[in-house]
Amino acid sequence: MDNRCVSVIIPAAGNATRMRGIHKTMYRLAGVPVLIRALKAFHHIDSVGEMIVAAKPEDMDAVRRLVSHYPLDVPVLVVPGGRTRQESVTNALAVADARFDYVAIHDGARPLIDTEDIIAVFDAAFSCGAAALGVPVKDTVKLIDRQRIVKTLPREKMVAIRTPQVFRKQLYLQGCEQAKKNNADYTDDCQLLEAIGAEIRIVYGQDSNIKVTTPSDLQIAEALLQESGRNENMNIRVGHGYDVHRLVQGRKLIIGGVEIPYEYGLEGHSDADVLVHAIMDSMFGALAKGDIGQHFPDTDGKYYNIDSMLLLKKTVEIVAQEGYSIGNIDSTILAQAPKLAPYIEQMRKNIAEVCGVDPDQISVKATTEERLGFTGSKEGMAAHAVCLLTK
């Protein structure tokens with residue numbers, strides 16, 4: 001194993017008070033969550049051995065589900081974040097692999113970090129023990145006191161610190177120990193090492209490595225992605241799915257993972273969830289990978305009476321393995337009875353949870369077809385679905 005292996009720590013437990021209710025790390029920037037963009041910038045770099053996300057405790061399960069839907073080359077751990085950035089990093093360090101000599105700390109809200117910048121700051125840290133990305137300050141900077149200018153600071157000596165910041169792990173732990181003794185809590189990781197007199201090398205990086213702090217930053221990030229050609233929304237796939245099942249006595253009626261009280265249920269080899277099957281077929285169609293029958297044949301006994309939500313999970317994993325994420329899904333259930341409106345929202349939540357997306361990316365509608373055809377005569381139910389996948 002390379003003795004310069006790096007544990008990458010991603011603090012993502014902030015309150016985002018300036019985002020006006022937007023969950024900035026979960027926000028889909030050009031189709032891909034901000035947090036996933038940050039992780040994907042590191043996972044293919046040879047010296048990276050693991051990645052650790054420090055998330056708000058209430059977000060941990062959602063972050064784990066999100067990560068599971070994207071193919072990453074190294075293990076990703078999710079730990080509870082603390083009240084401060086320093087506490088979050090400390091929590092992550094507690095589970096970091098002891099074999100890795102270096103730690104890199106990168107903001108979860110910096111989705112546009114460039115691979116070349118990461119490698120450059122890694123190399124600098126490997127040679128001197130500590131390094132951080134920065135950009136030259138372009139504006140004239142004033143030192144003020146009570147809104148009055150005290151003096152002008154020399155701009156040529158000013159630098160705006162960015163992340164990642166990379167340190168030899170033992171050196172960083174020394175800084176943590178000193179901060180604990182001094183009862184100090186820092187907003188920047190370099191400050192820990194500054195406090196013990198460590199030398200930190202600055203590596204100049206690209207201006208595009210912005211931190212998403214306000215809603216307007218999302219617009220800037222979208223524009224930067226478009227300009228750089230990294231906008232994954234330019235590589236999209238659309239698929240349509242259709243499924244139909246007969247209504248029979250003696251079966252549970254399960255649609256969208258919801259068991260609905262009714263005198264009839266849908267006949268099928270699995271639980272016959274007609275909505276979920278149509279959604280799965282739309283995903284396979286978008287990938288040009290056949291249909292549900294090819295992947296989960298009704299001649300295979302292991303799928304007998306299986307929960308279709310488990311099959312949907314496997315389908316979502318296939319989507320991720322092909323390098324795609326789910327943009328949105330629109331679906332329609334065709335049924336004369338029973339009334340499905342009371343169950344629609346739970347269906348959306350169930351499907352969204354398995355797909356690793358927000359419920360507002362899942363549309364479920366129902367129509368009766370005015371007593372026409374086999375659905376109108378209550379012989380069966382059908383469902384259509386269309387999905388959008390982004391590369």
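**Notebook: cavities, cores and backbone**

I searched the whole structure, a predicted model, for enclosed space and found two cavities of 30 Å³ or more. By cavity I mean a set of points, on a 1 Å grid over the protein atoms alone, where a 1.4 Å probe fits but cannot get out. Grid points are joined across faces, edges and corners, and a volume is the space filled by probe spheres set on the points.

I noted the ground rules before going on. Residues are numbered from 1 along each chain as its sequence is written, and side-chain values use heavy atoms, with hydrogens and water left out. Because the model is predicted, local features need pLDDT of at least 70 and side-chain atom pairs count only at pLDDT 80 or more, while totals for chains, interfaces and linings use all residues.

**The largest cavity**

I put its volume at about 70 Å³, and I counted 13 residues in the lining (residues with an atom within 4 Å of a point), of which H69, V316, S325, I326 and C355 lie nearest the centre. The elements that give two or more residues to this lining are α10 (308–321) and β16 (325–334), and α10 supplies the largest share, three residues. Helices (H or I, at least four residues) and strands (E, at least two) are DSSP runs, numbered from the N terminus. I sorted the lining of the largest cavity into nine nonpolar residues, three polar and one charged, where Ala, Val, Leu, Ile, Met, Phe, Trp, Tyr, Cys and Pro count as nonpolar, Asp, Glu, Lys and Arg as charged, and the others, Gly among them, as polar.

**The chain and its cores**

I then looked at the protein chain, which has twelve helices and 18 strands, and found that buried residues make up 50% of its 391 residues. Buried means under 20% relative accessible area, exposed over 50%, and partly exposed in between, with a 1.4 Å probe and protein chains only.

Next I looked up the largest nonpolar core, a core being a set of buried Ala, Val, Leu, Ile, Met, Phe, Trp, Tyr and Cys residues joined through side-chain atoms within 4.5 Å. This core has 47 residues, and those with the most contacts inside it are I255, M283, L312, M347, I351 and C355. Among the elements that give two or more residues to this core are α10, β16 and α11 (344–355), but α8 gives the most, with ten residues. I followed I351 and found that it touches G256, L275, I279, M309, L312, I362 and V364, not counting residues up to four places away in sequence; contact means heavy atoms within 4.5 Å. A second, separate core of 37 residues includes V6, V53, V67 and I113.

**Backbone**

I checked the backbone last, bearing in mind that most residues other than glycine have a negative phi, and most peptide bonds are trans. A cis peptide bond joins T163 and P164, with omega about 15 degrees, and P164 is in strand β10 (residues 159–168). Another cis peptide bond joins A337 and P338, with omega about 0 degrees, and P338 lies in the loop between β16 and α11.

I also noted N305, which has a positive phi of about 60 degrees although it is not a glycine; N305 is in the loop between α9 (292–295) and α10 and is partly exposed, with a relative accessible area of 43%. For E369, phi is near 60 degrees, and E369 is found in the loop between β17 and α12 (373–376), partly exposed with a relative accessible area of 34%.

How values were computed:
On a 1 Å grid over the protein atoms alone, a cavity is a set of points where a 1.4 Å probe fits but cannot get out, and a pocket is an open set with protein on both sides within 12 Å along at least five of seven lines; lining residues have an atom within 4 Å of a point.
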